[in-house]
Structures are given as C-alpha cells and as structure tokens.
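Here are some notes to read alongside the model, written for someone opening it for the first time. Please keep the structure in view as you go through the points.

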Amino acid sequence: MTPTVNTAAALALGDDALVLSHRLGEWAGHAPVLEEEVALANIALDLLGQARVLLSMAGDEDELAYLREERAFRNLQLVEQPNGDFAHTIARQLYFSTYQRLLYAQLASGDGDFAPLAAKAVKEVAYHQDHAEQWTLRLGDGTDVSHERMRQASEALWRFTGEMFQPIEGVDIDWDGMRAAWLDSVGSILRRATLPLPEGPQSGAWTAGAGRQGLHTEPFGRMLAEMQHLHRSHPGASW
Amino acid sequence: MATAAAHHTARVPADGPADEAARTAAYEAVFDAAVAADERIEPRDWMPDAYRSTLVRQIAQHAHSEIIGMQPEANWITRAPSLRRKAILMAKVQDEAGHGLYLYSAAETLGTGRDELLDKLHTGRQKYSSIFNYPTLTWADVGAIGWLVDGAAITNQVPLCRCSYGPYARAMVRICKEESFHQRQGYELLLVLSRGTPEQHEMAQDAVNRWWWPSLMMFGPPDDESSHSAQSMAWKIKRHSNDELRQRFVDICVPQAESLGLTLPDPDLMWNEERGQHDFGAIDWAEFWEVLKGNGPCNEQRITQRRRAHDEGAWVREAAAAYADKRADRTEHAVGHADEHSDGTADENGKARA
C-alpha cells in the first residue's frame with residue numbers, strides 16, 4: 001500500500017509555486033520589453049501548473065489557495081517579496097529557480113510521491129534558471145546603472161535565501177549538499193555577471209525558517225487580500 | 001513554391017521600358033494583376049507606396065491593440081477567482097503579447113521597425129482599438145471581452161487571413177486560431193456565471209450590457225463614413241465592408257446570448273424575415289467619435305501605463321544592448337587573440353567600456 005502523501009510537504013512546495021506565480025503575474029502589461037511579457041507569463045504559468053498539482057495532492061486546490069489565512073501558508077518568504085524593479089524580480093528568480101531546479105532534480109531521481117511532478121517540472125525550471133541567468137549576466141555586465149541595480153537587488157534579497165535550506169519534512173533529499181550546490185551555482189553566475197557574492201547573513205535572527213512555519217512578511221497579507229477577495233466574496237459559488 | 005525573390009523577378013517584365021514612369025506603370029500593372037488574381041504580395045515584391053503605408057498603418061494599429069488590450073484583462077489576473085481561471089487568463093494575456101510580436105514583425109517586413117511604431121503609439125500618432133478604452137469593472141468583464149470583443153475581432157480578422165499581403169495574412173491565420181480559443185473561454189466563463197448564483201448572473205448581465213454597444217462599434221464607422229474602406233477593398237486588404245461584418249456579428253451573437261441565458265441590451269433587436277438577418281438599434285456614433293478622440297473612460301490611463309512600462313524598462317533594454325555589444329566585441333577579440341585566456345579578455349573589454 002502506498003503511504004499517504006505528506007500534506008505539509010505538498011503545501012510547502014505548492015505554496016512556493018503558487019505565490020511566485022502570482023507575483024510574476026503582476027508583471028503582465030508592465031514588462032520592460034514585449035519578449036519579457038511572454039517570458040514572465042510563461043514562467044508564471046509553469047509555476048501555477050506545478051502549484052495546482054501540488055495543492056491537489058494536499059486537498060482542494062481552490063480551497064487551499066483562496067480560503068486559507070496568511071498564517072496557514074507555508075511558502076518561503078523569498079517568493080512573496082514584492083516585484084520591485086526588474087533587477088529585484090530577476091534576483092528573486094535566480095535564487096528561487098536555482099533552488100527549485102536542484103530540489104526537483106533530486107526528487108525526480110527518487111521514487112517518492114513528488115517524483116512524477118518533479119520529473120516534468122525540472123525541465124520547466126531549467127528554463128526558468130536559464131532565463132534568470134541570462135538576465136543576471138545582461139544586467140550585471142550591462143551598463144553602470146544596470147550593474148548597480150542588480151547588485152542592490154541581489155543583496156536586498158540575500159537575507160531570504162537561508163530559509164531555502166531548512167529541511168522540509170517529507171522531502172527526502174540531501175539538504176546539506178543542496179546548500180553547497182546552490183552557493184556554487186549562484187556564486188558562479190554572479191561572478192560571471194561581474195557581481196559580488198552578497199556578504200550579509202542568509203537569514204535574519206527571528207525569521208529563520210519562518211515562512212515554512214507560517215510567519216510571513218507584511219507585503220504578503222496585501223497580496224493575499226487581492227488574490228482572495230473575489231473568491232471569498234461569493235461563498236460557495238463555482239467559477 | 002517560388003521564393004519571394006523569384007516571385008518578384010517573375011512579375012517584372014525583363015525587357016520593360018527604361019523610362020521611369022512607364023516602368024512604374026509596368027510594375028503597377030503586374031501588382032494589380034497579382035491582386036486581381038488573388039495572389040499574395042510578398043515583402044520583396046514591388047508595391048505602390050500607398051499600399052505599403054496603408055498596411056503599415058493597419059498592422060501597427062492591430063499590433064498596438066494587442067498590447068494595449070493586455071491591460072484591461074491583466075487587471076483581473078491577480079483577482080481571478082479560481083486557479084483554473086487564473087491559468088486561462090494568464091495564457092490569454094500572454095497570447096496577446098505574442099500576437100503583438102508577430103504583428104510588429106509583419107510590419108517590419110514593410111520596412112518599419114517596432115521601435116518606430118511604439119514611439120508613434122506612445123506619442124499618440126498611431127491608434128489602437130477604441131474598445132480597450134473601456135474599463136473592466138468586474139470579473140464578468142473578462143468573459144464579456146472574450147465572448148464579444150474577441151468574437152468581434154475574429155469576425156473582422158478571419159477575412160484578413162486572405163489579405164493580399166502575405167506576411168500579414170499568415171500572421172492572421174495563427175492569431176485567429178488563438179482568438180477562437182479566447183472567444184470560447186469567454187463564452188464558457190459567462191455561461192458558468194449566468195447559471196451560477198443570482199449575484200453571478202447579475203454580474204454577467206451587467207458586463208454584457210456594458211460591452212455590447214462598444215463591441216458593435218469595433219467594426220468601425222458606417223460604410224458611407226469610412227474613409228479608408230474603398231481603397232482597402234480594391235487592394236484586397238479588406239474583404240468585407242464594416243456594415244457587412246457588423247451584421248454578421250449580430251447574427252452570430254443573438255442565438256449565443258439566448259444559450260447563455262443573457263439578454264442583449266437593445267430593444268430594437270429582432271429577426272427580420274424578409275432580410276434573413278437581425279435588425280438592430282441605432283449605434284451611438286457620437287460616443288464612438290468621442291472615445292476615438294481621446295475622451296473615453298480609460299484613454300489616458302492605458303497610454304500612461306504603456307509609456308510608463310516602456311520608460312521604466314529603458315535601463316533594462318539599454319543593459320541588454322550594452323551586454324550584447326560587449327559579447328560581440330569579446331568574440332571579435334577572442335578570434336583575433338585565440339591564445340589569450342578568455343576571462344582576461346572579457347575583463348579588459350569590460351573595463352574599457354565601463
């Protein structure tokens with residue numbers, strides 16, 4: 001008999017994808033160039049697809065997305081951070097897609113509940129990381145202005161990266177190896193982009209591992225208010 | 001199938017008259033014959049200047065409509081009431097960006113680049129479809145746009161798949177396939193609302209009430225007031241008159257509205273047995289001209305957002321261009337000094353250009 005899916009793990013991975021997809025969706029109509037309208041929407045759609053599979057492993061996707069309160073969400077604080085300028089969005093993409101690629105690659109090679117999803121998603125996420133890498137290079141090694149913006153963005157989001165390596169119960173991968181591989185990959189991309197590896201701590205004192213325990217940052221509540229308002233305004237309705 | 005170049009050569013008489021005017025007349029005769037024979041005009045074929053400028057104007061306006069049209073729908077992406085609807089809406093808005101890309105490329109084959117066209121949009125020298133100057137006030141507006149606005153667009157655009165200009169016609173084939181999916185999702189969205197709670201039904205009816213008349217205006221002014229129509233019909237850029245297409249659209253929508261359980265807000269709408277078509281009420285053309293002049297509910301908002309996205313993205317586009325230049329320099333440098341270490345080369349160039 002197959003053991004039941006680890007619901008908490010499905011929520012953690014699913015919420016990451018759901019929340020980042022939402023943030024990327026906010027770019028629609030605001031991207032710096034038409035090709036990026038297509039690319040950002042594409043990444044958002046991949047993530048939303050992943051979120052729907054994962055949330056459905058934990059329950060009803062819409063109930064979980066629309067009817068949970070902020071404290072019940074298990075996503076990383078990194079993915080809920082506001083878009084900021086394009087450099088901030090790219091830094092968030094670089095950090096998260098590198099993490100997700102390493103995570104899904106390991107899950108795909110195993111035989112756990114997440115293996116079938118991970119096998120498909122790892123290909124999508126490889127594209128997400130490539131997109132983030134290309135833009136990190138362009139911005140870091142582009143003009144003085146873009147270099148400075150990308151440097152600031154990579155530093156501003158650095159303190160949200162430590163949380164990614166807090167083991168998720170029910171996700172059996174090599175978490176220690178994960179941190180080293182992530183640092184290696186991100187460090188190499190930043191170096192090629194002529195950007196310094198940020199120096200500060202990768203997590204604040206009280207926030208370490210907080211998103212996974214339902215402690216979020218202030219902008220997240222507003223994001224959920226917007227995302228959930230229509231659904232909640234019509235209790236029980238079908239859409 | 002002949003290439004564009006061969007096509008060009010085949011159409012121009014090799015022993016044509018040397019005299020410039022006579023030569024132009026000969027080219028024109030070949031062009032006219034090709035249009036008359038329903039052949040496609042390709043980018044490298046000779047074409048009258050006015051044909052080229054009419055096409056650039058029309059394709060640009062269409063491209064601009066796609067990218068401005070993203071705004072009213074993107075307005076609901078963050079509030080879509082289910083994850084399924086959110087995925088459909090994001091995919092639709094993404095398709096519109098893609099349509100913008102094909103269409104700007106089609107215009108480019110006529111010698112006018114995307115930057116120039118965007119500049120004309122941003123400075124108000126070129127227009128986009130006035131329909132997007134109306135606001136999306138409720139979720140049902142997403143459905144009404146799909147059903148009515150995309151439905152009207154398809155009615156307008158299907159004949160463009162047979163347009164005399166090849167690249168535009170081919171772009172339209174792909175666009176129409178995707179628009180047809182958009183129209184169906186809009187219809188289905190409204191159907192669910194119409195059959196849902198009383199509040200949802202009311203939301204759907206309200207949206208249809210607001211979008212019906214502006215959708216009829218999408219076909220342009222009545223035939224006797226349409227300034228570009230006659231020449232465009234002769235060139236087979238346009239295949240049917242504004243009024244013909246509008247009538248076709250009304251006839252398609254009436255039974256669909258019945259299936260939806262929604263009413264169209266026109267007391268004069270009724271079947272005319274004699275004509276075999278529906279009669280419908282008078283369109284408020286004063287409103288149409290006002291919105292076209294810039295006095296619609298969202299003209300200012302739409303163009304301001306477009307300009308802001310463009311201006312705020314300038315540093316990103318500049319960075320991409322600078323990076324591409326550096327890479328080109330490095331490649332050149334690396335080819336010249338194959339024995340040097342590539343990282344060292346890159347650093348030197350980076351510093352030199354900083």
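1. A good place to begin is Met70(B), which sits in helix α3 of chain B. Please keep in mind throughout that this is a predicted model. Is Met70(B) buried or exposed? Its relative accessibility is 3%, and because the cut-off for buried is under 20%, Met70(B) counts as buried.

2. What surrounds Met70(B), once its neighbours within four places in sequence are left aside? The contacts come from both chains: Gly29(A) and Glu37(A) on one side of the list, and Val93(B), Glu96(B) and Ala97(B) on the other. You may also like to find Asp95(B), which is 25 residues from Met70(B) along the chain, with 9.3 Å between the two C-alpha atoms.

3. Now step back to the meeting of the two chains. On chain B, 46 residues are in contact with 49 residues of chain A. Together the two chains bury about 4,000 Å², and carbon and sulfur atoms account for 67% of that area.

4. Polar and charged pairs also cross this interface. The rule finds 16 residue pairs in polar contact there, both residues being at pLDDT 80 or more. Which helices of chain B supply at least two residues each to the side that touches chain A? They are α3 (49-74), α4 (83-108), α7 (166-194), α8 (198-217), α12 (299-312) and α13 (314-336). Helix α4(B) gives the largest share, with 14 residues. By type, the residues on this side of chain B are 27 nonpolar, 9 polar and 10 charged.

5. How many salt bridges are there between chain B and chain A? The count is 3. A pair to look up is Glu35(A) with Arg114(B), which form a salt bridge whose closest N and O atoms are 2.5 Å apart. As background, side chains of opposite charge can pair when their charged atoms come close.

6. Over all chains, a search of the whole structure finds 28 salt bridges. In chain A, the side chains of Asp85(A) and Arg149(A) meet in one of them, at 2.9 Å from N to O. This pair links distant parts of the chain, 64 residues apart: Asp85(A) is in the loop between α4 (77-80) and α5 (86-109) of chain A, while Arg149(A) belongs to helix α7 (residues 144-156) of chain A. Arg149(A) counts as partly exposed, at 30% relative accessibility.

7. Chain B has a long-range pair to examine as well. Glu188(B) forms a salt bridge with Arg85(B), and their closest N and O atoms are 3.0 Å apart. The partners are 103 residues apart, with Glu188(B) in helix α7 of chain B and Arg85(B) in helix α4 of chain B. Their accessibility is worth checking: Glu188(B) is partly exposed at 27%, whereas Arg85(B) is buried at 2%.

8. For a pair within one helix, turn to Arg210(B) and Asp206(B), whose side chains meet in a salt bridge at 3.0 Å, N to O. Both lie in helix α8 of chain B, 4 residues apart, about one turn of the helix. Arg210(B) is partly exposed, with a relative accessible area of 26%, and Asp206(B) is partly exposed at 28%. Elsewhere, salt bridges that share partners join Glu73(B), Lys92(B), Glu96(B) and Asp150(B) into one network. Glu96(B) brings us back to the start, being among the contacts of Met70(B).

Technical notes:
Residues are numbered from 1 along each chain as its sequence is written. Chains are lettered from A and ligands numbered from 1 in the order in which they are written. This is a predicted model: local features need pLDDT of at least 70, side-chain atom pairs count only at pLDDT 80 or more; totals for chains, interfaces and linings use all residues. Side-chain values use heavy atoms; hydrogens and water are left out. Contact means heavy atoms within 4.5 Å. Buried area is the accessible area (1.4 Å probe) that two parts lose on being put together, summed over both. A salt bridge is a side-chain nitrogen of Lys or Arg within 4 Å of a carboxyl oxygen of Asp or Glu. A polar contact is a pair of N or O atoms within 3.5 Å; within protein, one must be able to donate a hydrogen and the other to accept it, and residues adjacent in sequence count only if both atoms are side-chain atoms. Ala, Val, Leu, Ile, Met, Phe, Trp, Tyr, Cys and Pro count as nonpolar, Asp, Glu, Lys and Arg as charged, and the others, Gly among them, as polar. Buried means under 20% relative accessible area, exposed over 50%, partly exposed in between (1.4 Å probe, protein chains only).
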